[in-house]
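User: I would like to go through the reasoning behind some of the labels used for this model. Please set each value against its criterion before concluding.

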Amino acid sequence: EVYEVIFNLQDKKKHILKIIYGEDSESINTIDFYMQDTNDYFMEMIDFFKDDNKTFLLLNYYEEKTIYEYVKKHNLSFYEKDKFIENILEIGCYLHQNNYLHADIKPDNFFIDTPRVRLGDLESTVKLNNIYTDIIPALCGTKGFKYSSKHSYSIKDEIFAYIATIYFIEVGEVLMTKEEFTDLTEEENSFEAINEFTREYIEHYIERDSIKNFLLDILDLLEDEAKIDCCTMIEKFK
């Protein structure tokens, strides 16, 4: 459960109160990430309380809200877009280097903390033994921001989610709707259908050739079953 709350009635300063139910690795991971964040990669935690059944997190409230809302409201320069892209890939590289998958990457989960962004919604974050071969055996991710219809989540889904998020930063619209994603996953070869759809939209709607070619190169690596993570992506992006 997520609430906007006022910490002080005099200055009416807003915070976010997040309540996670249950004792599990996700709630523990969330606290650990927020407490140990020395890079300003994640939402800032003001305080927390934990008992046997619930975890309460008091988080900073970001006035500009998320990348999704920010991009919709502002006409971003190429420089601003590049900084956002570099920033989200930097955060992803940090997670992947430490064998974590966030498992729900999308514009709505990156919060604007000018001049950078921070990643939130860490409840689905999972540590794997090997992010290139292991999968999360659960229905994670958001339709339109994952690579398959299977009831599982892998590094490929996460990389595709970054492709779709970068597309949104560039174009200001989602790469595919939930309905389009559902239709594509019902095709006989869902991976091929998603690849063709994505390639067509990248080529048609992305203005900058540099970003267009970058995303198509990453899509090629996904299709070729190459070993790829956000560290690979940020290296190619730079």
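Analyst: In this predicted model, a hairpin of 3 residues leads from β3 to β4.

User: What makes β3 and β4 a pair of strands?

Analyst: Pairing requires at least two bridges between the strands; strand β3 (residues 45-50) and strand β4 (residues 54-60) are joined by 5 bridges and run antiparallel, so the criterion is met. One of the partnerships is that of methionine 45 with leucine 59 in β4.

User: Why is threonine 165 called buried?

Analyst: The label applies under 20% relative accessible area, and threonine 165 has 0%, so the residue counts as buried. Threonine 165 lies in helix α4, and, leaving aside residues up to four places away in sequence, it touches Ile88, Ile105, Lys106, Pro107, Phe110 and Phe145.

User: How do you know that the length of helix α7 agrees with its number of residues?

Analyst: Helix α7 (residues 209-223) has 15 residues, which at 1.5 Å a residue should span 21 Å, and because its end C-alpha atoms are 21 Å apart, the two values agree.

User: Which residues of α7 are buried, and what do they pack against?

Analyst: The buried residues of α7 are Ile211, Lys212, Phe214, Leu215, Leu216, Ile218, Leu219 and Leu222. Their packing partners are α3 (78-97), α4 (155-171), α6 (190-205) and α8 (230-237).

User: What phi does glutamate 225 take, just after α7?

Analyst: Glutamate 225, just after α7, takes a positive phi of about 60°.

Methods: Residues numbered from 1 in each chain as written. Predicted model: local features only at pLDDT ≥ 70, side-chain atom pairs only at ≥ 80, totals over all residues. Heavy atoms only, no water. Helix = DSSP H or I, 4+ residues; strand = E, 2+ residues; numbered from the N terminus. Expected span 1.5 Å × (residues − 1). Buried < 20%, exposed > 50% of the residue type's maximum accessible area, 1.4 Å probe, protein only. Contact = heavy atoms within 4.5 Å.
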